Amino acid sequence: MGLRRVSAADRDAFVELAGQSESFFRPWILAPKTADEFDGYLRRFDRVAADGFVICLLSTGAMVGFVNINEIVRGPYLRGVIGYGTFASSAGRGYMTEGLRLLLDYAFTDLDLHRIEADIQPANHRSLNLVKRLQFRKEGYSPNFIKINGRWMDHERWARTAP
Ligand SMILES: CC(C)(COP(=O)(O)OP(=O)(O)OC[C@H]1O[C@@H](n2cnc3c(N)ncnc32)[C@H](O)[C@@H]1OP(=O)(O)O)[C@@H](O)C(=O)NCCC(=O)NCCS
């Protein structure tokens, strides 16, 4: 499995795969589904407060998913919040477990972060299973926390600290 920074060169493939995954993503996340949305997504990644990556197969380079680190805060916090998804055609094969493992290594070593958080809706069992496999712990619950498709959704607060 490979992890590399997302770039404008990924636009067409990303938008196509995300379009095919629309019902798979709903109601859990918003992912860019048009070229304009993708460009807006890329602009969020200033590499200081946020950075974005794609997860790829090393054998073919094919994109299987994405992960971004948002709200990076340094100083005494050294923390960030991740968002992620696998494209529907690549789900259920362990790719995200491996991809997020690479992301955690990068965050804890290269970025020198101490803490990675994930906010997950209580009914999103696939995502809960994923973070449990990666030794995140549940730290809390925030009602009406993130607005997704026009609705404020409750989220569990999960986190993992550096080894
Ligand atoms: C959440 C999400 C990323 C999880 O993806 P995933 O494909 O289930 O995760 P993995 O790639 O780690 O695959 C794990 C599954 O593959 C199976 N698997 C098959 N081969 C495997 C292998 N070699 N290694 C590990 N798992 C393997 C596991 O058994 C597991 O299936 P299970 O959950 O039915 O037990 C995905 O469901 C998704 O993108 N959902 C929509 C967007 C979303 O919810 N994002 C997160 C918001 S908080």
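Student: Let's start with the strands. In which sense do strand 4 and strand 5 pair?

Tutor: This is a predicted model, and in it strand 4 (residues 79-86) runs parallel to strand 5, with 4 bridges between them. In that pairing, valine 81 has glutamate 117 of strand 5 as its bridge partner. To get from strand 4 to strand 5 the chain passes through helix 4 (residues 95-108), a right-handed β-α-β crossover.

Student: And what about strand 5 and strand 7, parallel or antiparallel?

Tutor: Antiparallel, over 6 bridges, with strand 7 covering residues 151-161. One pair to look at there is isoleucine 120, which stands opposite glutamate 156 of strand 7.

Student: Why is strand 5 described as largely enclosed by the rest of the structure?

Tutor: Because 5 of its 6 residues, in the stretch 115-120, are buried.

Student: OK, ligand time. How many residues surround the ligand, and which are the closest?

Tutor: There are 21 around the ligand, and the closest are Tyr84, Gly92, Met96, Thr97 and Asn124.

Student: What does the ligand's nitrogen find at tyrosine 84?

Tutor: A polar backbone atom of tyrosine 84, 2.8 Å from a nitrogen atom of the ligand. On the oxygen side, a ligand oxygen is 3.0 Å from a polar backbone atom of tyrosine 95. With asparagine 124 the side chain takes part: one of its N or O atoms is 2.8 Å from an oxygen atom of the ligand.

Student: How much of the ligand does the protein bury?

Tutor: The protein buries 70% of the 930 Å² that the ligand exposes when taken alone.

Student: Back to strand 4 for a sec. Is threonine 86 buried or exposed?

Tutor: Threonine 86, which is in strand 4, is buried, because its relative accessible area is 10% and the cut-off for buried is under 20%.

Student: What does the side chain of threonine 86 reach?

Tutor: The backbone oxygen of valine 64, at 2.8 Å. Leaving out neighbours within four places in sequence, the contacts of threonine 86 are Phe24, Phe25, Val64, Gly65, Ala91 and Met96. Met96 also appears among the closest residues to the ligand.

Student: Switching to serine 142. Where is it, and is it buried or exposed?

Tutor: Serine 142 sits in strand 6 (residues 137-148), and its relative accessibility of 13% makes it count as buried. Its side chain has a 2.8 Å polar contact with the side chain of arginine 157.

Student: Which other residues is serine 142 in contact with?

Tutor: Besides Arg157, and leaving aside neighbours within four places in sequence, serine 142 is in contact with Met153, Asp154 and His155.

Student: Now the front end. Which residues of helix 1 are buried?

Tutor: Phe14, Val15, Leu17 and Ala18. Among the elements covering those buried residues are helix 2 (22-25), helix 3 (35-43), strand 2 (51-56) and strand 3 (63-73).

Student: Is there any reason for that spacing in a helix? Why do residues three or four places apart point the same way?

Tutor: An α-helix has 3.6 residues a turn, so residues three or four places apart end up pointing the same way.

Student: And alanine 9, buried or exposed?

Tutor: Alanine 9 is exposed, at 72% relative accessible area. Its place is the loop between strand 1 (2-5) and helix 1 (11-20). From alanine 9 to arginine 160 there are 151 residues in sequence and 32 Å in space, C-alpha to C-alpha.

Student: What about glutamate 37? Which backbone nitrogen does its side chain lie by?

Tutor: That of lysine 33, with a polar atom of the glutamate 37 side chain 2.8 Å away. Glutamate 37 is in helix 3 and counts as partly exposed, at 40% relative accessibility. Apart from neighbours within four places in sequence, glutamate 37 is in contact with Ala31 and Pro32.

Student: Last one, backbone oddities. Which residues does the cis peptide bond join?

Tutor: Arginine 26 and proline 27, with omega about 5°. Proline 27 is in the loop between helix 2 and helix 3. You can also check glutamate 71 in strand 3, where phi is positive, near 50°, though the residue isn't glycine. Glutamine 135 is another non-glycine residue with a positive phi, near 65°, and lies in the loop between helix 5 (125-133) and strand 6.

Technical notes:
Residues numbered from 1 in each chain as written. Predicted model: local features only at pLDDT ≥ 70, side-chain atom pairs only at ≥ 80, totals over all residues. Heavy atoms only, no water. Buried < 20%, exposed > 50% of the residue type's maximum accessible area, 1.4 Å probe, protein only. Helix = DSSP H or I, 4+ residues; strand = E, 2+ residues; numbered from the N terminus. Pairing = 2+ DSSP bridges. Right-handed = clockwise from strand over helix to strand, strands pointing away. Near = heavy atom within 4 Å. Polar contact = N/O pair within 3.5 Å; in protein donor to acceptor, adjacent residues only side chain to side chain. Areas by Shrake-Rupley, 256 points an atom, 1.4 Å probe, with all protein chains shown as cover. Contact = heavy atoms within 4.5 Å.
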